[in-house]
Amino acid sequence: MRGKVEICGIDTTKLQVLKNDEMMELLRRSKNGDADARERLICGNLRLVLSVIQRFINRGANVDDLFQVGCIGLMKAIDNFDVNQCVRFSTYGVPMIVGEIRRYLRDNSSIRVSRSMRDTAYKVLQAREKLVAQDQREPTVEQIARFLDIPREDVVLAMDAVVDPVSLYEPIYSDGGDAMCVMDQVSDSSNTDESWIDQIALKEAISCLGPRERRILAMRFYQGMTQMEVSAQIGISQAQVSRLEKSAIGSIKQALQAPGA
């Protein structure tokens, strides 16, 4: 690694690298309860952890956190490695470290996904890999659904569930000046500044009406009652309800059209 890079207070340029023979000897001693050998194994494989976390740098997680989680996976690999198998430690350790980091990212995701949905998603990913290897092309959603014998909708939901969320502030284009973000491409006509101002002005205009006018408007336009139903409820004639309703609406229009409204 070029230059000094510190992760969790560790200068990565000073990390040692163990030879395979030395690694196996330390693993045997660690299996026999030698704490010093276990410590040397951890320190001697931190570069392995660093190489693994490079895959997860752009997942939105703190690098120091990923490094610590990767070290947990490394320690699990050291404790569970079978020295009698003709397998290099890195071959066994990398999947353990990757699995630990993936669990961390899954369990600490800002979007919570049920375990059953995650299980379905992993089955979908495995099925996709098998179909790609079998047919040498990308499978369709329908093909994956038939392969797993599950509804097409379940495949789509499962695939969406494991997609990493994109920040609204993620830059998508830049011509050398200010970058254009996802937020700039997302519009919401119901929550613009103008709509908020209109809502505030409408509430203020309604608050200036008398209690009976406000009640009539609520019954007519919120509860969906007819003028006859309102008149029976309030105890006045339908003509009076009509007149009060028109007067209230006129007052609101006048308030909204007034300068500064």
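Which residue's side chain meets that of Glu-100 in a salt bridge? Select Glu-100 and Arg-103 and you have the pair, with N to O at 2.8 Å. Keep in mind as you click around that this is a predicted model.

**Stop 1: helix H5**

Show residues 89-107, which make up helix H5. Glu-100 and Arg-103 both sit in this helix, 3 residues apart, or about one turn. Now colour by accessibility. Glu-100 has a relative accessible area of 11%, which puts it under the 20% cut-off, so it counts as buried. Arg-103, with 37%, is partly exposed. Add Lys-76 to your selection: salt bridges with shared partners join Lys-76, Glu-100 and Arg-103 into one network.

**Stop 2: from H1 to H2**

There are 8 salt bridges in the structure, so don't stop at helix H5. Next, pick Glu-22 and Arg-40, whose side chains form a salt bridge at 2.8 Å, N to O. Glu-22 belongs to helix H1 (residues 20-31) and Arg-40 to helix H2 (residues 35-44), so this pair ties together parts that are 18 residues apart in sequence. How accessible is Glu-22? Its relative accessible area is 31%, making Glu-22 partly exposed. Arg-40 is partly exposed too, at 31%.

**Stop 3: from H2 to H4**

Stay on helix H2 and select Arg-38, then add Asp-79. These two make a salt bridge, and their closest N and O atoms are 2.9 Å apart. Since Asp-79 lies in helix H4 (residues 63-80) and Arg-38 in helix H2, the pair ties together parts 41 residues apart in sequence. Asp-79 is partly exposed at 39% relative accessibility, and Arg-38 is partly exposed at 27%.

**Stop 4: the rings**

Time to switch to aromatics. The structure has 2 aromatic pairs. Select Phe-81 and Phe-89: the ring centres are 5.5 Å apart and the planes stand at 80°, so the pair is edge-to-face. Are these two rings' residues buried or exposed? Phe-81 is buried, at 2% relative accessibility, and Phe-89 is buried as well, at 3%. Bring in Tyr-92 and you'll see the cluster: ring pairs link Phe-81, Phe-89 and Tyr-92.

**Stop 5: a charge over a ring**

Last, go to Arg-220 and Phe-221. What lies over the face of Phe-221? That's Arg-220, at 5.5 Å from the ring centre. Turn the view until you look straight down on the ring of Phe-221, and Arg-220 should be there over its face.

Key. Residues numbered from 1 in each chain as written. Predicted model: local features only at pLDDT ≥ 70, side-chain atom pairs only at ≥ 80, totals over all residues. Heavy atoms only, no water. Salt bridge = Lys/Arg side-chain N within 4 Å of Asp/Glu carboxyl O. Helix = DSSP H or I, 4+ residues; strand = E, 2+ residues; numbered from the N terminus. Buried < 20%, exposed > 50% of the residue type's maximum accessible area, 1.4 Å probe, protein only. Phe/Tyr/Trp six-rings, centres within 6.5 Å; stacked < 30°, edge-to-face > 60°. Lys NZ or Arg CZ within 6 Å of the ring centre and 35° of its normal.
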